[in-house]
Structures are given as C-alpha cells and as structure tokens.
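Here is a short walk through one structure. Keep the coordinates open and follow along.

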Amino acid sequence: MQSDCSDTNLKNFIKSLGFNEFSQELVKIAFTHSSYTKEKNLPYNECYERLEFLGDAVLKMAITDYLYKKFPDSHEGDLTKIRAVAVCDEILHKIAIKLNIEPYIKVSDAEEKCGGKKLESIQACVMEALFGALYLSADQETLKNFIIKNLTPLIDDIASNKTVYNAKALLQEYTQSKSKDLPEYELVNTTGAAHNRTFTMRVTYHGEELASASGKTKKQAQQEAAFLACQKLGIIKTEGTLNE
C-alpha cells in the first residue's frame, strides 16, 4: 500500500526544507517514478526523468561554484574528482535519507511491494529531479544554499580524503550488491629507484580487469584503480575525458 504522499503533505514537506514559493506540479513530478506513470497510463513527462536530467546539471553547477571558491589553489583534475564523488548516487542517497524523502515518492504497486522506494538509485534520482523542479520554480539562491548546506560536510570529507574518498568502499559495496565476491587488487608493476617507487595496481572482479592505475604507494594506486573502476561501471558519473 502506498504511503501518504498527498499534495498537501508534499507541499508542507518542501516548505519545511525552506522553500516558500515553488511549483507544486513540478515538485509532484520530481517525486514520481516512471513505474507509476506507466501503471496509471500517464504521459512520460509526468515522471521525474526529464527533471532529473536538469537537476543533475544544477547540482554540478552548485558544487563546481563551491569547490572553485573553497579550494583556490587546487588543480582542475583534483576538483573534478571531488565533484565526481559528490554527485554520485551514494552521496545523494545519504542526503535523501537525512531529509526522509521516501514517504513522498510515488511508484507503482509492484515497485512498492519490491521496496523500490528505498532503493539508492531511485532516491538519488528523486533528489536530482527535485533540484530541477526547484531550479525552474523556486528562488535559485535559496536552492543553491540548500544544496551546499546539505553537501558541505560530505564535500569537505571527500576533499580531506585525498579526492578519491572511498572509491574502494564504493566499488566493494557495488560488487557485493551483485554477489558476495569482492574486487581483487594485484600489483602488476614497480618502477623507479628504491627511494622513489611508482606502483601500478590492477583491480579485477570475477576475473575481469576493471582498471589499473599507478601511485607512489600501493594504497594510493589501489584507490586510483578503484576510482577508475567506479567510473567504468557508472558508480561515479562521467563527463568528457574526466569523470564526474
């Protein structure tokens, strides 16, 4: 049975987040999964997917602006890595749980029975769609501040963990969601003098190489390889030659 995601409850929820003026219709769409529109024979544009597309760009812009000002001496590549993790589903899911958006999500009865509203992927998409809906209909400065307020502790944590954050943990969590097997790391090359070594590590899963990377320590090389594997698997979003 669907939880109470009535228009009034949803309106009050968005107001509790600090938004007084916004489009109720767009916000309703932001919380509507495609399984619900299909079940009810509603038009495609009444599910959140288009708003999710917009919200993804809004989120990236807000984070980019914050990082640019927060870390004036950091290289573009390092900022890109921080942003890559900051916009991944795991981080958005953390915010979704904190805000408790689950009761307001609309899914089909079948999806509801399967626990779809609890899924990290769906909750992360709803968050992005909500950003899109509020970008179109609410005060944009309020939205930007809302995004940064909720993401700042996580962004700062990512930055303090050398930008690759918990790429190994992200990869392990992903593989364990598919099976009980863990990714394996293998040293494939060591170069340089004894006081200036460079290590190259390969990460594999079920015998298939996912990525390889180098670092000044084995641990760093493992983290970098895990980060590249997360990019390849779509755990961390990508754009162009650098991943987001």
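In which hand of crossing does α6 pass α9? The crossing of α6 with α9 is right-handed. Bear in mind that this model is predicted.

Start with that pair. Helix α6 spans residues 89-99, and helix α9 spans residues 140-160. Their axes lie 11 Å apart. The packing angle is about 130°. An angle over 115 but not over 145 degrees falls outside the parallel, perpendicular and antiparallel ranges. α6 and α9 are therefore oblique to each other. Now look at the side that α6 turns to its partner. Ile91, Lys94, Ile95, Lys98 and Leu99 of α6 make the contact. From α9 come Phe146, Asn150, Leu151, Leu154 and Ile158. By class, the residues of this contact are 7 nonpolar, 1 polar and 2 charged.

Stay on α9 and turn to α5. The axes of α5 and α9 come within 10 Å. They cross at roughly 130°. This pair is therefore oblique as well. α5 passes α9 in a right-handed crossing. On α5, the contact residues are Ile82, Val85 and Ala86. On α9, they are Leu151, Ile155, Ile158 and Ala159. What classes do the residues of the contact of α5 with α9 divide into? They are 7 nonpolar, with no polar and no charged residues. Leu151 and Ile158 of α9 are worth selecting here. They take part in the contact with α6, and they appear again in the contact with α5.

Next, follow α5 to α4. Helix α5 covers residues 76-86. The axes of α4 and α5 come within 10 Å and cross at roughly 140°. That makes α4 oblique to α5, since only an angle over 145 degrees would count as roughly antiparallel. The crossing of α4 and α5 is right-handed. α4 brings Lys60, Ile63, Thr64 and Leu67 to the contact. α5 brings Leu79, Ile82, Arg83 and Ala86. The split here is 5 nonpolar, 1 polar and 2 charged. Ile82 and Ala86 of α5 serve in this contact, and they also belong to the contact of α5 with α9.

Now go to the core. The largest nonpolar core holds 70 residues. Which of them touch the most other members? Ile14 and Phe31 do. Helix α8, residues 120-137, gives the most to this core, with 10 residues. Centre the view on Ile14. Leaving out residues up to four places away in sequence, Ile14 touches Phe19, Phe22, Val27, Phe31, Leu130 and Leu134. Phe31, the other residue with the most core contacts, is thus named among the partners of Ile14. Leu130 and Leu134 are among these partners too, and their numbers fall within the span of α8.

Finish with two backbone details. Asparagine 41 has a phi near 55°, a positive value in a residue other than glycine. Asparagine 41 sits in the loop between α3 (34-39) and α4 (49-70). Is asparagine 41 buried or exposed? Its relative accessibility is 72%, so it counts as exposed. Histidine 206 is the second case. Its phi is positive, about 55°, although it is not a glycine. Histidine 206 lies in the loop between β2 (198-205) and β3 (208-215). Its relative accessibility is 55%, over the 50% cut-off, so histidine 206 counts as exposed.

Note on methods. Residues are numbered from 1 along each chain as its sequence is written. This is a predicted model: local features need pLDDT of at least 70, side-chain atom pairs count only at pLDDT 80 or more; totals for chains, interfaces and linings use all residues. Side-chain values use heavy atoms; hydrogens and water are left out. A nonpolar core is a set of buried Ala, Val, Leu, Ile, Met, Phe, Trp, Tyr and Cys residues joined through side-chain atoms within 4.5 Å. Buried means under 20% relative accessible area, exposed over 50%, partly exposed in between (1.4 Å probe, protein chains only). Helices (H or I, at least four residues) and strands (E, at least two) are DSSP runs, numbered from the N terminus. Contact means heavy atoms within 4.5 Å. Axes are lines fitted to C-alpha atoms, for helices over the stretch in contact, and angles run from 0 to 180 degrees between N-to-C directions. Angles under 35 degrees count as roughly parallel, over 145 as roughly antiparallel, 65 to 115 as roughly perpendicular and the rest as oblique. A crossing is left-handed if the near helix is turned anticlockwise from the far one by less than a right angle, and right-handed if clockwise. Ala, Val, Leu, Ile, Met, Phe, Trp, Tyr, Cys and Pro count as nonpolar, Asp, Glu, Lys and Arg as charged, and the others, Gly among them, as polar.
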